[in-house]
Amino acid sequence: MESIVSVGIDIGTTTMQVVFSRLFLEDTAGFFAIPDVEIVQKQNIYHSIPCFTPLKNEFEIDAEKVRSIVENEYQIAHQRPDNVATGAIIITGEAAKKRNAAALLAALSSFAGDFVAETAGPDWEAVISGKGSGAAAYSRNKHCRVLNIDIGGGTSNAALFENGEPISTGCIEVGGRHVITDNDGRILYLTGAAKKICESRKIALNCGGYNMEGLSAFAAAQAELLEMLAGLLPRNELF
């Protein structure tokens, strides 16, 4: 049985994380057949603590800081790019819309051999999060339908699985980073989607101000939008 080291680098709207795994490969085809190599076992070697995705501004990821974080995680995990055989870099959510997302993928691709480097669209992101959470496997094992909702910093992605297969996906601009506050609760920034929600629900959230009641109302409004996404409430004009 052969084994290789794989790395996964997930760069999201709010956080990023690096994971190293050892994949055990085996030719399952038999002696006289065309080789059919499969992953027969996976072993988690190291996973980093999630850290905030560094941004230069509203429109750009700080590529230099991201690369520095990844380099540091390689050192902590005692790994080198030349002994990592394969892996994936995935940029998800609102981070995938940044102007330099493609350039960042190119800059990081040197960290491993045969890499998958992609910005994940909402459909793909919804499906991979549903598989990663175990929703797809639960649906397959229990022969039922399972809805998985992945709430990120900028978007929430929904995938409906039936018998382990995705049959529907959806995405909405609801997430944990639409209103940014400092440690004291003072509002520093609102996204365009946040402003639309506040206007629709008459919630007074203004940059530089404090409004804990308003933040609670904003969170409740986002929760209602997620219930609409799941079909638990009728969908309104804001949705």
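Q: Okay, a salt bridge here is a side-chain nitrogen of Lys or Arg within 4 Å of a carboxyl oxygen of Asp or Glu. How many salt bridges does a search of the whole structure find?

A: Five. Before we go on, this is a predicted model, where local features need pLDDT of at least 70 and side-chain atom pairs count only at pLDDT 80 or more, while totals for chains, interfaces and linings use all residues. Residues are numbered from 1 along each chain as its sequence is written, and side-chain values use heavy atoms, with hydrogens and water left out.

Q: Fine. What does Glu 162 do with its side chain?

A: Glu 162 meets Arg 145 in a salt bridge, at 3.6 Å from N to O. Arg 145 is in strand β7 (residues 145–151) and Glu 162 in strand β8 (residues 156–162), so the pair ties together parts that are 17 residues apart in sequence. By the way, helices (H or I, at least four residues) and strands (E, at least two) are DSSP runs, numbered from the N terminus.

Q: Is Arg 145 buried or exposed?

A: Arg 145 counts as exposed, at 54% relative accessibility. Glu 162 is partly exposed, at 32%. The cut-offs are under 20% relative accessible area for buried and over 50% for exposed, with partly exposed in between (1.4 Å probe, protein chains only).

Q: Which residue does Arg 201 bridge to?

A: Glu 224, with an N to O distance of 3.2 Å. That one runs between helices: Arg 201 lies in α5 (residues 192–201) and Glu 224 in α6 (residues 212–229), so parts 23 residues apart in sequence are tied together. Both ends are partly exposed, Arg 201 at 37% and Glu 224 at 30%.

Q: And which partner does Arg 80 have?

A: Asp 82, with the closest N and O atoms 2.9 Å apart. Arg 80 counts as partly exposed at 49% relative accessibility, whereas Asp 82 counts as exposed at 62%.

Q: Switching to unpaired charge: which residues gather in the patch of negative charge?

A: Glu 26, Asp 27, Asp 36 and Glu 38, on the surface. Patch residues have over 30% relative accessible area and no salt bridge; like charges are joined within 9 Å, and nonpolar side chains (Val, Leu, Ile, Met, Phe, Trp, Tyr) within 5 Å. For the signs, Lys and Arg are positive and Asp and Glu negative, with His and the chain ends not counted. A charge is placed at NZ of Lys, CZ of Arg, CG of Asp or CD of Glu.

Q: Where is Glu 38, then?

A: Glu 38 is in strand β3 (residues 37–47). At 37% relative accessibility, Glu 38 counts as partly exposed. The areas come from the Shrake-Rupley method with a 1.4 Å probe, and for residues only the protein chains shown count as cover.

Q: Strands next. In what sense do β1 and β2 pair, parallel or antiparallel?

A: Antiparallel, over ten bridges, with β1 covering residues 2–11 and β2 residues 15–27. They form a hairpin with three residues between them, and Ile 4 stands opposite Leu 23 in β2. Two strands pair if DSSP finds at least two bridges between them.

Q: In what sense does β1 pair with β5?

A: Parallel, over six bridges, β5 being residues 86–91. There, Ser 6 stands opposite Thr 86 in β5.

Q: Backbone oddities: what is the phi of His 78?

A: It's positive, about 60°, although His 78 is not a glycine. Most residues other than glycine have a negative phi. His 78 lies in the loop between α1 (63–76) and β5, and it counts as exposed at 69% relative accessibility.

Q: How about the phi of His 143?

A: His 143 also has a positive phi, of about 55°, and is not a glycine. Its loop runs between α4 (135–142) and β7, and at 63% relative accessibility His 143 counts as exposed.

Q: Where is Ile 34 found?

A: In the loop between β2 and β3, where Ile 34 counts as exposed at 72% relative accessibility. Its C-alpha is 38 Å from that of Leu 104, 70 residues apart along the chain.

Q: Last bit: how many helices and strands does the protein chain have?

A: Six helices and eleven strands. The C-alpha atoms fill a box of roughly 70 × 45 × 25 Å, taken along the principal axes, and buried residues make up 38% of the 239 residues in the protein chain.
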